[in-house]
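This report looks at how side chains meet inside one protein chain, beginning with aromatic rings and moving on to a helix and to charged pairs. Please keep the structure in view while reading.

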Amino acid sequence: MTIMWCVSLVICISFLLTCANTAGILYPRESESREVKSLDGMWNFRLSLPDPLVGFKERWYMKDLSKSGPVIQMPVPSSYNDVMVDKKIRDHVGLVWYDKSFFVPESWRQQGFRVCLRFGSVHYAAQVWVNTHLVMNHEIGHLPFQRDITSNLKFGRLNRITVAVDNVLLSTTIPQGSLQNITTNNGPKTIQSYTFDFFNYAGIHRSVFLYTTPIVYIDDVDVTTDYTDDGVGIIYYKVQYGGSLSSGEVLNCSITVFNNENVREKFTVITNDAEGLSGTIEIENVQLWWPYLMNEVSGYMYTLEIRLSTTWNMDDLYRLPVGIRTIKWTNSSFLINNKPAYLRGFGRHEDSDIRGKGMDYALVTRDYDLIKWIGANSYRTSHYPYAEEIMDFADKHGIMVVDECPSVDTDNFSDKLLKKHTMSLAELIKRDKNRPSVIMWSIANEPRSDHKDADSYFKYLVNFVKTKDKTRPVTAALNKWFSIDRAGQHLDIIGFNRYSAWYTLPGHTEIIKSRVEDEATKWHVKHNKPVFMTEYGADTMPGLHMNPSFVWSEEYQVELMAEHFKAFDILRSKKFFIGEMIWNFADFKTEQSVTRVGGNRKGVFTRQREPKASAHHLRKRYWSLANRLDGVQVPSNIQSYVMGSECQNNVEL
């Protein structure tokens, strides 16, 4: 029954998304013309048991969810799995239901506002009703979706949103999975299987908003940037509008630029059309957007104030943060603002205690503080797009992001899968295209790229991305050997994952240096493209100490890292190697396995964001690289005091 539900939902969603893909997905921002109302908080929640389709058979969306049977209170945003101490909820496969009641101001109707309902992410598939009306479907978690619901609302009265959420993964979903039927003491049971190494958290993971716009509104904005040798910043912009103009109504778009201090900047606008919907902005004495520690000022952001005016309707104002920088790449280098950039960073996960993949500002703030403390300048959104609020931090702090779609362990290549994969990339690029922090698009993690069908499959994906954005390189995190891989030939930059002395010959760190150096070099020789290491590491139990080092001990993780550093330094001298990203930033939860102790323990920080010995070692590495490559002063507290220089010749034991 669950499989039948998923397939029917996918068919319905595919049709609706085809219609909706032309619309913009701008993040809701308040302005003089727009109001934003958060629907975050406690929602009613219940599992669809014992029949996965009981909610549809009994039409739970027609009434308060509490009237359909027992409900519990569930926080939004969060994953539902770990909030309660009920194994049945944690391990549930299939449908769950949410609902929430809310008021809509009568003033919104009186002012003629258009009202949109927007979800930041619901994993994996969702159907949404407003006041018993089905208003939207969405498939592929980790990406936003929205709909104009003005005609479905009761202004000045109580309204209700109902959401059905399905976490089932199949061979044609992104990411992929399969269902397995097992026999238990309580009868037959369906369980979810998947090959990726992180927990399949589900629920309403990110914020839910209502937001208003005027009848004629700013629907989307495209921005690319450049600068001249004499210090003039250039912003190329294109504004798309929604809504219908009346006969004879005149449309006009105007732009104002504010600097980082929210002061009007000196600028010139050269428009391409009479309405001003596209054009070029020139900013004198431009302050460029630089990655963290590559310049004294990092993450510098301007603000474009876009005003859309019509003859008879209210003006619409939208303010878009913009960082001015250039990205270029050659067959051996990656450049930001014409300066070679060396990536020192992490693979990461949206993952924490209790909330799972739920968006949490305190956690995000802590994570970015740790990223800067350790001296990193980048990370990969392994293995799915992260929350827009997380990306905002990257923009403002100058952290470079390799932005990855939700394709993990891609296998069983098919036209249906390719359509979903393409859709995920289209939605990701539409969401993040204007972010200066996004430096590459990653189209997959560890695909089965040795298969014959992978050649045409990944060629199509790369060409598709190029139709959406030619300003950023396309990469992927590959783990098939260079000699049998069929995807790398189509990429702009090669990323590879390898776990020498962990999954291969564990305990033998003496193999690392030569193997990593050899493989990276062969990737470059084969494709004549820049190469970086997207994953390496070892599981480590915090507090486990062994001398000499032994697998799972903190000492072993440090030793393994140090051997990789030796290889990286040799590779840097060869000029084609552009970065190193350890796996992982912090420990994270996985499915239950005898090879995992409460989850994946490869983090240099614990799941509670406390440092292991490896974090301190990595900090010394990353700050030393910043000092060597960009002249950054190393923090005084990076080494604990041992002995003053004046005492070194007079030591008494």
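How many aromatic pairs does a search of the whole structure find? In this model, which is predicted, the search finds 35 aromatic pairs. One of them joins Y379 and Y386, and this pair counts as stacked because the ring centres lie 6.1 Å apart and the planes meet at 20°, where stacking requires planes under 30 degrees apart. Both partners are hidden from the surroundings: Y379 is buried, with a relative accessible area of 0%, and Y386 is buried too, at 1% relative accessibility.

The two tyrosines also belong to a wider group, since ring pairs connect Y194, F196, F198, Y368, Y379, Y384, Y386 and F393 into a cluster. A charge joins this picture, for R348 places its charged end over the ring of Y379, 4.6 Å from the centre, and also over the ring of Y368, 5.9 Å from the centre.

**A helix and its cover**

Helix α10 covers residues 554–573, and its 20 residues reach 29 Å from the first C-alpha to the last, which is close to the 28 Å expected at 1.5 Å a residue. Its buried residues include Y556, L560, H564, F568 and L571. Among the elements that cover the buried residues of α10 are the helices α9 (512–527) and α11 (613–630), together with the strands β31 (531–535) and β32 (577–582). After α10 comes K575, whose phi is positive, near 80°.

**Charged pairs**

Side chains of opposite charge can pair when their charged atoms come close. The structure holds 44 salt bridges, and three of them are set out below.

| Salt bridge | Closest N and O atoms |
|---|---|
| E284 and K266 | 3.6 Å apart |
| E535 and R380 | 2.7 Å apart |
| R435 and D395 | 2.7 Å apart |

E284 lies in the loop between β19 and β20 and K266 in the loop between β17 and β18, so their pair ties together parts that are 18 residues apart in sequence. Here E284 is partly exposed, with a relative accessible area of 38%, while K266 counts as exposed at 57%.

The pair of E535 in strand β31 and R380 in strand β26 links parts of the chain 155 residues apart, and both of these residues are buried. R435, in the loop between α7 and β28, and D395, in helix α6, are 40 residues apart, and both R435 and D395 are buried. These last two residues also take part in a network of salt bridges that links D392, D395, R431, D432 and R435.

Terms used
Residues are numbered from 1 along each chain as its sequence is written. This is a predicted model: local features need pLDDT of at least 70, side-chain atom pairs count only at pLDDT 80 or more; totals for chains, interfaces and linings use all residues. Side-chain values use heavy atoms; hydrogens and water are left out. Rings of Phe, Tyr and Trp (its six-membered ring) pair if their centres lie within 6.5 Å; planes under 30 degrees apart count as stacked, over 60 as edge-to-face and the rest as tilted. Buried means under 20% relative accessible area, exposed over 50%, partly exposed in between (1.4 Å probe, protein chains only). A charge sits over a ring if NZ of Lys or CZ of Arg is within 6 Å of the ring centre and within 35 degrees of the ring normal. Helices (H or I, at least four residues) and strands (E, at least two) are DSSP runs, numbered from the N terminus. The expected span of a helix is 1.5 Å times one less than its number of residues. Contact means heavy atoms within 4.5 Å. A salt bridge is a side-chain nitrogen of Lys or Arg within 4 Å of a carboxyl oxygen of Asp or Glu.
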